[in-house]
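Open the model in your viewer and keep the selection tool at hand. Each stop below says what to pick and what to find there.

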Amino acid sequence: MSDVSTTSQKIVPNVWSNQRAEEQAEFYADVFRDFSSEVTGRYPTEGLPDFQKDMAGKPVTVDLQLAGTRITIINAGPEFEPNPSVNFMLNFDPVLYPDASEYLDAVFDKLADGGFVMMPKDEYPFSKKYAWVMDKFGVSWQLILTNPEGEPRPFVLPSLMFCGAAQNKAREAVSSYIELIPESSWGSIAEYPEQTGPAEAGDIVFSDFRLAGQWFTAMDSAVEQPFTFNEGMSLMLAAHGQDEIDRYWAALSTVPEAEQCGWCKDAYGLSWQVVPDNMDELMSRPGAYEAMMQMGKLEIAKF
């Protein structure tokens, strides 16, 4: 794991990768502008459990910086795969990029190559140009050409689609996150005017909101989906000190069997990693990796 104390980004989206993290980072370097990547952690060379022995010395995390937003790729095994329930909305705003429309076209072409187009690039009622595409690594991206006269938003907005077991729970879930995490608030909310597929009148077509000052989006799916939240896409939440870890953990961990190495699942199935904000320093201590592997909730005193 990488040090989360060196950035003001309190919540970092994490993408699970089946031993392809470095290849994935190289792919995104070719897709995006304003991009960099760095290997930020490696598996120890000894002391690994049997199921991880072939990972000895290999990268465990690769940090991406995309237009100022940090995303971490977890280099692991085949246990989990990303799905569109957690995705990234990319805000192609002419204020940010004067050639926003052309940039969107170029990004779409590269992400779609070897991937799957979920919604074709076209004009929609909410945007003159929009597409939703899953890349060849299973990560999903919404590309939207933004009206430059609207309120400013960052280029990258992590996005939650409430579907499957979490269908129609967007408002309830986001409200709970806003109440839990300081410096959080709703932005805009658009509602379904009538029943639309599994979404009921009054459920959320689209919303944006801030958690710890960062922008996210959320929606209730208008289509029955064969997937829901899983560990393939998670949110790493940095906590300052054990008391803050304990507070977040008490609110977010609702599935005891999912508790491992700081990972937990909330009441809606969304996976979180609740970690100390000095995780890098803790992991540099002798025996830290082995100690972490024995924990559910992370306890700083045990490192």
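Begin with Lys53, which is partly exposed at 48% relative accessibility. Remember that you are looking at a predicted model. Now add Asp50, which counts as exposed at 67%. The two side chains form a salt bridge, 3.9 Å from N to O. That falls within the 4 Å cut-off for such a pair.

**Whole chain**

Zoom out and show the cartoon. The chain has 6 helices and 15 strands. Its C-alpha atoms fill a box of roughly 55 × 40 × 35 Å along the principal axes. The radius of gyration is 19 Å, which agrees with the value near 19 Å for a compact globule of 303 residues. Of these residues, 53% count as buried. Switch on the surface: about 13,400 Å² is exposed, and carbon and sulfur atoms supply 51% of it. Among contacts with a separation of 6 or more, 65% come from residues 24 or more positions apart.

**The sheet of 7 strands**

Select E2, E3, E4, E1, E13, E15 and E14, in that order. They form an open sheet with mixed pairing. Which strands stand at the edges? They are E2 (35–42) and E14 (263–265); each has a single partner strand, so one side of each lacks a neighbour in the sheet. From one strand to the next, the twist averages 30°.

Next, isolate E1 (residues 11–18) and E4 (residues 69–76). The two strands run parallel and are joined by 5 bridges. Look for Ser17, which stands opposite Asn75 in E4. Then bring in helix H4 (residues 241–252), which packs on the sheet. H4 touches E13 (233–239), E14 and E15 (271–276), and its direction makes about 145° with that of E13.

**The sheet of 8 strands**

Move to the other open sheet, ordered E6-E7-E8-E5-E9-E12-E11-E10. Its pairing is mixed. At its edges are E6 and E10 (185–191), each with a single partner strand, so one side of each has no neighbour in the sheet. Neighbouring strands here are turned by 20° against each other on average, direction ignored.

Pick E6 (residues 116–124) and E7 (residues 127–134): they pair in the antiparallel sense over 5 bridges. A hairpin joins them through 2 residues. Phe116 stands opposite Met134 in E7. Now take E5 (residues 86–92) and E8 (residues 140–145), which run parallel and share 5 bridges. Phe92 has Leu145 in E8 as its bridge partner. Add helix H2 (residues 100–112), which lies across E5, E6, E7 and E8 at about 160° to E8.

**Charged pairs**

Show side chains as sticks. The structure holds 15 salt bridges. How far apart are the closest N and O atoms of Asp99 and Arg33? The distance is 2.7 Å. Asp99 lies in the loop between E5 and H2, and Arg33 in the loop between H1 (21–31) and E2, 66 residues apart. Both are partly exposed: Asp99 at 28%, Arg33 at 33%.

Go on to Asp246 and Lys297, whose side chains meet in a salt bridge at 3.1 Å, N to O. This pair also links distant parts of the chain: Asp246 is in H4, and Lys297 is in the segment after H6 (288–293), 51 residues apart. Asp246 is partly exposed at 27% relative accessible area, and Lys297 counts as partly exposed at 27%. For the last stop, select Asp105, Lys121 and Lys129, which salt bridges with shared partners join into one network.

Definitions and conventions:
Residues numbered from 1 in each chain as written. Predicted model: local features only at pLDDT ≥ 70, side-chain atom pairs only at ≥ 80, totals over all residues. Heavy atoms only, no water. Pairing = 2+ DSSP bridges. Helix = DSSP H or I, 4+ residues; strand = E, 2+ residues; numbered from the N terminus. Axes fitted to C-alpha atoms, helices over the stretch in contact; angles between N-to-C directions. Contact = heavy atoms within 4.5 Å. Rg over C-alpha atoms; globule rule 2.2 N^0.38 Å. Buried < 20%, exposed > 50% of the residue type's maximum accessible area, 1.4 Å probe, protein only. Areas by Shrake-Rupley, 256 points an atom, 1.4 Å probe, with all protein chains shown as cover.
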